[in-house]
Amino acid sequence: MAAAQGAGSSSAGPSGLPGSAPGHSSNSSAVAVWEWQDEFGRWRPYRGNVCSYIEQVFQASQQKGRRSGSGLVSSIPLGHVDPVLAPYVIDIPSLTQFRQDTGTMRAVRRHLFPGDSAAGQGIIWEWQNDEGGWSPYEMNVCVFLEQARATNHQRVDLGPLGYNYEVDFVAQVQTNKTTRFRRGVQRRLDAPYPVTASSAPLHAGVACSCQQCWLNGGTGPITTRYRHSMINFPNSSTTHQVSSRTASVSSSSVGFVPYNKPTLSGARSTPKLNAQSTWALPQAGGPSTGLSASNGVSTPNLPVKMPKPSKVNQALAATPTEPEAVVKKYLEEVKGSPADEDCIICMEKLSSPSGYGDACECSTIKPEMVGRLKNCQHSFHMLCVLAMYSNGNKDGSLQCPSCKTIYGEKTGTQPKGKMEVSTFPQSLPGHKDCGTIQIVYHISRGIQGPEHPNPGMPYTARGFPRYCYLPDNEKGRKVLELLRVAWKRRLIFTVGTSSTTGESNTVVWNEIHHKTEMDTNLSGHGYPDPNYLDNVLAELAAQGVTEDCLRQ
């Protein structure tokens, strides 16, 4: 399905759909759905149990703030409710989800829906993806579909929600109105979303132009301040028709199950709420301002173990890979840290000891030591950088979690395989003046190594061989050569959790988009796409793969 963002015009629902107000209900019973924005601008709901925890912490914080007049919690570590989400923390003031081991930021929001809607009943509508699994629609679409089904509609048009699709409830299919391509759809029961008290208008499915939809829909500006560097922050001005079958970078989907890295746990403290923050959360009973957090309050459940280097890691390169040596190679210790500057890894002030002081012991790097990366000049607790490095691939490279600058040569965890390249004369849409480059990736199932999430366990390799396409022109050939470098560095794929099926311990795309279709770009995976080559060059550069690599 070509997912599209739900926010947009105030179009009405299907003709004759009872109660299809322009997007809201006056029902006093409400449920809260917390969502994060993926790289295509789609809002993906956290699972019901995760949302329940977020809402619990959020409401408890509001009540405490009203009683004592103190500040509200500013951050929520997700690992407290789901160990798989341990690297993730929600920063409330900036409305972002922060991944501590990579620095990736994503927007978050909070939406209220009627208690008798699909969200309140735990009803999820899903579409069948290319791998045969099921992917959930955005929550406003689930609410819209359930409302249509409850009023005995046999077919519904998703146009008012920005989708170019029709759904046939009788045949249980979704049809692309332009290409007539069909996919299966299904309805299933899951855990209901958390009940909350609110007298504000509730979101009933079709987006409108009210304050809630304008603030929370990706088409409006984010009005709150940014607390940290917004590298990788999704553009809030996204187009309506976005990817569905595009080879996605993110391993997080299906209710948000991100890449299942070894959990980092034991950090002494978690991002604490800034009591002096002037940013105000809506009071209970007031309209939603689009906040969204994740789970947990207090310390991030991020286990930072200092395992002995494996044989694989020892054989990686001539450069030092011992954690302490790598940290000292790329950071220089600084004295007199600014009192008001945060370490964005542990969220403690740089003037205070590292939040990983109790979890990551080191004889030569003390919790109070602060270091500055030599090129980009960003500062962190040196112990936090040590913890971050020890939880990663330990390949001798570091990536600044603030600006993404890479120090050393970054390598990945891609399993063994084969990359084949060929050309043929047929042109791609938008590139009529040249032929086509075809890339075929082959990876077979196997056993996970020490660099993977679950060493010793089998991993699957679904959908291989995978076919990808580039225009056979100067820029396309440049992208091809850089993809060859990325392949050799094991950066194209990784082992994690599938964003479309939810299957764990499987080979997934890893942070570099590919075009897996030659045409029909309604799905976002094909051509024409005038920005694709520039975008993929930027993604390669973010992995440290640039033209300089071709000169070596």
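Author: A residue is called buried when its relative accessible area is under 20%, and exposed when that area is over 50%. The model shown here is predicted. Of the 552 residues of its chain, 57% count as buried.

Reader: How many helices and strands does the chain hold?

Author: The chain holds ten helices and 27 strands. Its accessible surface comes to about 21,800 Å², and carbon and sulfur atoms account for 49% of that surface.

Reader: Among contacts between residues at least 6 apart in sequence, what share joins residues at least 24 apart?

Author: That share is 70% in this chain.

Reader: Which strands form the open sheet of six, and in what order?

Author: A sheet is read from one strand to its neighbour. Here the order is S9-S8-S13-S12-S11-S10, and the pairing is antiparallel.

Reader: Why is one side of strand S9 and of strand S10 left without a neighbour in the sheet?

Author: Strand S9 (134–136) and strand S10 (155–157) stand at the edges and have a single partner strand each, so one side of each lacks a neighbour in the sheet. From one strand to the next, the twist averages 30°. Strand S8 (residues 123–128) runs antiparallel to S9, and three bridges join the two. Trp 127 has Ser 135 in S9 as its bridge partner.

Reader: Which helix lies across S8?

Author: Helix H3 (residues 139–150) does, running at about 105° to S8. Helix H3 also lies across S10, strand S11 (165–168) and strand S13 (182–189).

Reader: What is the strand order in the open sheet of three strands?

Author: The order is S21-S22-S25, with antiparallel pairing. Strand S21 (417–424) and strand S25 (466–471) are the edge strands, each pairing on one side only. The twist in this sheet averages 20° from one strand to the next.

Reader: How many bridges join strand S22 to S25, and which residue stands opposite Val 440?

Author: Six bridges join strand S22 (residues 436–443) to S25, and the two strands run antiparallel. Tyr 467 in S25 stands opposite Val 440. Helix H8 (residues 474–488) packs on the sheet and touches S21, S22 and S25. The direction of helix H8 makes about 15° with that of S22.

Reader: Is Gly 336 buried or exposed?

Author: The cut-off for exposed is over 50%. Gly 336 counts as exposed because its relative accessibility is 76%. Gly 336 is found in the loop between strand S16 (331–334) and strand S17 (370–373). Gly 336 and Val 370 are 34 residues apart along the chain, and their C-alpha atoms are separated by 8.9 Å.

Methods. Residues are numbered from 1 along each chain as its sequence is written. This is a predicted model: local features need pLDDT of at least 70, side-chain atom pairs count only at pLDDT 80 or more; totals for chains, interfaces and linings use all residues. Side-chain values use heavy atoms; hydrogens and water are left out. Two strands pair if DSSP finds at least two bridges between them. Helices (H or I, at least four residues) and strands (E, at least two) are DSSP runs, numbered from the N terminus. Axes are lines fitted to C-alpha atoms, for helices over the stretch in contact, and angles run from 0 to 180 degrees between N-to-C directions. Contact means heavy atoms within 4.5 Å. Buried means under 20% relative accessible area, exposed over 50%, partly exposed in between (1.4 Å probe, protein chains only). Accessible areas come from the Shrake-Rupley method with a 1.4 Å probe; for residues, only the protein chains shown count as cover.
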